[in-house]
Structure formats: structure tokens, C-alpha cells
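Please walk me through this protein model, beginning with its charged side-chain pairs and moving on to its strands and sheets. I would like an explanation in prose that I can follow alongside the coordinates.

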Amino acid sequence: WTDWSGGEGRRKQKFGESGRSWQLNGVRAFEEPGHLIPGYYVEITQDSTGAADFTKPVVFTVFADRLRAFESAAANMYTWDTANSKWGVADVDTYDVFTPPVGSNKVVYWLTPTTQKIWKYEDFDGAGLVGPTQVSTGTISSNSTSSLAESKDYLYVYDAIDSGSEESRLWEISKASGTITLIENWNDGGVNAPSRVAMAALGDVVYLMRTSHEGTTIHSIIPTSAAGTGSVAEIANLPGFIGNSVWPHSGMLYLSGTSDNETANSVLYYSPEGTYGSLGNIRKGDDVGNVVGGKSKMLDHFFVTGGLSASQPNHALWQIDAISGGMSCVAYDEVGDAAAEDVASPIIFKGDIFWSTRAALGTDRVMRARPDQYMINSNAISPEHDFDLVGNKFLSSMALSCQPLIADWTLYVDYQINGNGTWTNVITYTTDGGTGTTALVTTDTSTIEFKSLQMRIRFSYTGS
């Protein structure tokens, strides 16, 4: 068992199949071919004192080369203090923000639900922030807003159902003039009401995801131009898939959500040319809730956040290989709250991944996954393998090969036979600088016989 590059999700192994595991819990499976590495260390970020957890409900953006956190329902913006690994004191005058801001490193836009106005901050060559400045010149609606997106010349706001008309609306706002134009509305009252809406820009096109109890539709938004007023066209219908979030990556759209009667979270891909398919379930066989993707992508992979499993939510961070579609839980919270009701889209800043959570008891947190450090405890579990032989086999020995072992680390190798639920430890390796060992299992006095075999590798750090 030397190849983990296919990610997790394979229950039964056959000869000739790609290197997939059953479960990868807090490990890096795609970083180095042929190597299994402990995952990213996860910590709860601290407030400006550096001595207490940061407990504000926030959404993120990177602006003026700094990570910013906009506090929901409060006029505060917080800036990440990279040098001291904590959040700074609150900057006021951002107004209330519920949807993630959009924009670039030089300008950022956000919408305030209570006033239904769009604002912006600008940064001129690092000379300081200018703003906030109101962008929109009229009233969008009297309701809370579900989603905000940006194209080259326009901003788009999807408005929740109007209590009077039972209509959902899509507004287009000119960046240059602030003019507001209603370009589409839907009669969404009653059972047809969308349960979740999200938008994402891919190139010069903005895509809208609308979900209901029946499934998910994807719409393309055509901006206003000399040819006419902006419009919306439905381009895909995904019955039975209840979308939760949508984000772009490498020329494709990705959607996370539930299928199979809302018991299995999965990730779908959609090409602007019209083809789509599934990368599979996240943590196959488990109900992993609240899976969202976002501004957390690198060239060959991206991240989503969700639970580790139905019984262990643990604010997990899932890495997805954009080439193979392989998935791995690369990190999870080992020391914080055990359950999360909501998770906000993760974002990468200077190599670290940040995401916000709301715990079951209502305590908000901002998590930080650090690739420069390692998880304290992590493990990988192989598929069950019968070696393509129907009869019984004997487990004679198990071998471990590793790079020179660093002090305070322990490696364990366990096995389970015939899916009986009992793990037996064979190797406990603590030799500093050691590169591996072999241990006998079947001896003259003890025989281990099996039909199918499953292996587990565990990493444990005992240092301070």
C-alpha cells in the first residue's frame, strides 16, 4: 500500500485499480507522489489581545494585500495581523455584511442588507484605503439579499423572495454610474421557493445557481451591452441535486451539495460548453453536512469545508485534486468545538487556509489551517483487499518504510481482517532518524488467517 494519489472513497480493492484509500483523515495525499504526510495543523484564531479566541461571525476577502474579515450585522472590518498571528482591532464604517464581498486586490464591493446599498473600498498603490463609498444610486429591494457577484463592468445582486409579490429578483448595478436595473424575476412562492442561491464569475460570465426541493438549475447572466439590456438564460437542470455552493476553478464551475435524498454530500463539475458530471461523494457512506467551497484554490487543487463525518463534524478541511478528482480530508479541528452548524467559504491567504464556523452552542470561530505545521494525530485507512483470491490467506508480516523519522513522532501500523471492526497493532515505530522496520504477524505459535485485509497507518506527535 504505497499509493494514495487517488484520494479516498474506495471500499474494496482490486489488482490494477488506481491508488485510492477508504479514508484519509488529516493527511496530505497529493503533495508528494508515493508519500503520505500528516495534514495541516488547525488552530482557532485569536482576537487583537492575542489571548482569547476571535468569536465574530465574519465573511472574508483579500484586499490591499491583507486578509479582511467583515463582521455580519455590525459596522466592523478586521484585518489579519500576519506578523503576530492574530486579528487586529475593528475598523468601523463597513456597515453590516452578510454575503461575502467581491472584487480585486485594489477594490472591494459589499452589500448591506438593511439598507440594500452597495459600497466599496479602494486602495491606491498601497497609499491607504479610500472609502467606504456608496456605489449604487437607488434602492434594490426591501428584503435581505442572498448573493452578490461581479463581472467586468457590473455587479449582480440576487434578492430573496419578496413577501408581497412572491418574486425573486436579479439586479444589475453599473460600477461606473451606480445605475440599478432589474433584469430578471421569478415567481418563487410556496413549494417552488429556492432553498439556496449562489453566484460565481467565470471569465466574463456570471453564473447563478438556484436550488429547490426538486433540484438545482444553473443560469448564465448576459451583461447589458450595446446589443440590449442584460438577461438571464437557464443552461443546466440538475434534478435531485440540492446545491449548496458554487465556485470557479481552472475554467470550470464546481458545485457542492446533497443528493440521494439529502444524505450524501458530493461535488459536481460543470463546463461552460455544457458537459457536467460528479467527482463523487465527500466521505462516502457518511452524511457530511454543510459542505461549501469558495476562494480557496490553487492551480491543481481546491478546498471545501464541512464535517469529518456524521458523528465527527470537527470543522474539517477537504482537499480536492482538480486533475484526478481525488478527495482527502487534509485537516480538521483537533481541539475546538466538536460540531458546526454553519461553515463559511474557505479562503487562502499567504498559503494558509481560513474559514469561519458557527458551533452548535452558538459560538463563532475563525479557523486557520497551517501547511507549515502538522496535525497532532492523523491516519489513513486502506480499502479491504482479498488479493483476488476467494480462499483464506495468511498474513505473514507487515513492513513500514518512511523518511528519517523526526523526534517526538510515532508511526503505527495496524490491520483489520474480514471487516470485523477490530484493529490490531503490529508496528509502533519511534526510532529517531529511522527509515522503517518489519514485524512478523504469523509465527510458529500464532497464525493470522483472513479472507480480506484492511490496513491503517497512524501518525502521532507527542512533542510540545
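**Salt bridges, strands and sheets**

In this predicted model, the count of salt bridges comes to 13, where a pair is accepted if a side-chain nitrogen of Lys or Arg lies within 4 Å of a carboxyl oxygen of Asp or Glu. The general background is that side chains of opposite charge can pair when their charged atoms come close.

One of these salt bridges is formed by glutamate 384 and arginine 11, whose closest N and O atoms are 3.4 Å apart. The pair links distant parts of the chain, since glutamate 384 belongs to strand β36 (residues 384-385) while arginine 11 sits in the segment before β1 (12-13), with their positions 373 residues apart in sequence. The two partners can also be described by their accessibility: glutamate 384 counts as buried at 7% relative accessibility, whereas arginine 11, with a relative accessible area of 36%, is partly exposed.

A salt bridge between residues whose numbers lie close together is that of glutamate 122 with lysine 120, where the closest N and O atoms are 3.6 Å apart. Lysine 120 has 17% relative accessibility and counts as buried, because the limit for that class is under 20%.

Arginine 370 and aspartate 372 form a further salt bridge, with 3.0 Å between the closest N and O atoms. Here arginine 370 is buried, its relative accessible area being 15%, while aspartate 372 is exposed at 53%. Both residues take part in a network of salt bridges that links Glu43, Asp352, Arg368, Arg370 and Asp372.

The segment before β1 also holds glutamate 8, a residue that is buried, with a relative accessible area of 5%. Which residues does glutamate 8 touch, leaving aside those up to four places away in sequence? The list consists of Arg20, Ser21, Trp22, Gln23, Leu24, Arg283, Trp318, Met327 and Cys329. For methionine 327 in particular, the separation from glutamate 8 is 319 residues in sequence, yet the two C-alpha atoms are 5.8 Å apart in space.

Turning from individual residues to the whole chain, the protein has zero helices and 43 strands. Of its 464 residues, 52% are buried, and the accessible surface comes to about 20100 Å², with 49% of that area belonging to carbon and sulfur atoms. Among contacts between residues at least 6 apart in sequence, 52% join residues at least 24 apart.

As general background for the sheets, strands pair through backbone hydrogen bonds, either parallel or antiparallel. One open sheet of four strands follows the order β19-β20-β21-β22, and its pairing is antiparallel. Its edge strands, each of which pairs on one side only, are β19 (196-202) and β22 (231-239), and the twist from one strand to the next averages 20°. Within this sheet, strand β21 (residues 215-222) is joined to β22 by eight bridges, the two strands running antiparallel, and threonine 216 stands opposite leucine 238 in β22.

Another open sheet is formed by four strands in the order β11-β12-β13-β14, again with antiparallel pairing. In this case the edge strands are β11 (102-103) and β14 (129-134), each pairing on one side only. Two bridges join β11 to strand β12 (residues 107-112), and these strands run antiparallel, with valine 102 standing opposite tyrosine 109 in β12.

A last stop is the pair of strands β6 and β7. Is strand β6 (residues 58-63) mostly covered or mostly uncovered? Strand β6 is mostly covered, with five of its six residues buried. Six bridges join β6 to strand β7 (residues 66-71) in an antiparallel arrangement, in which valine 59 stands opposite phenylalanine 70 in β7. The hairpin that β6 and β7 make has two residues between the strands, and alanine 64 takes a positive phi near 55° there.

Methods: Residues numbered from 1 in each chain as written. Predicted model: local features only at pLDDT ≥ 70, side-chain atom pairs only at ≥ 80, totals over all residues. Heavy atoms only, no water. Buried < 20%, exposed > 50% of the residue type's maximum accessible area, 1.4 Å probe, protein only. Contact = heavy atoms within 4.5 Å. Areas by Shrake-Rupley, 256 points an atom, 1.4 Å probe, with all protein chains shown as cover. Pairing = 2+ DSSP bridges. Axes fitted to C-alpha atoms, helices over the stretch in contact; angles between N-to-C directions.
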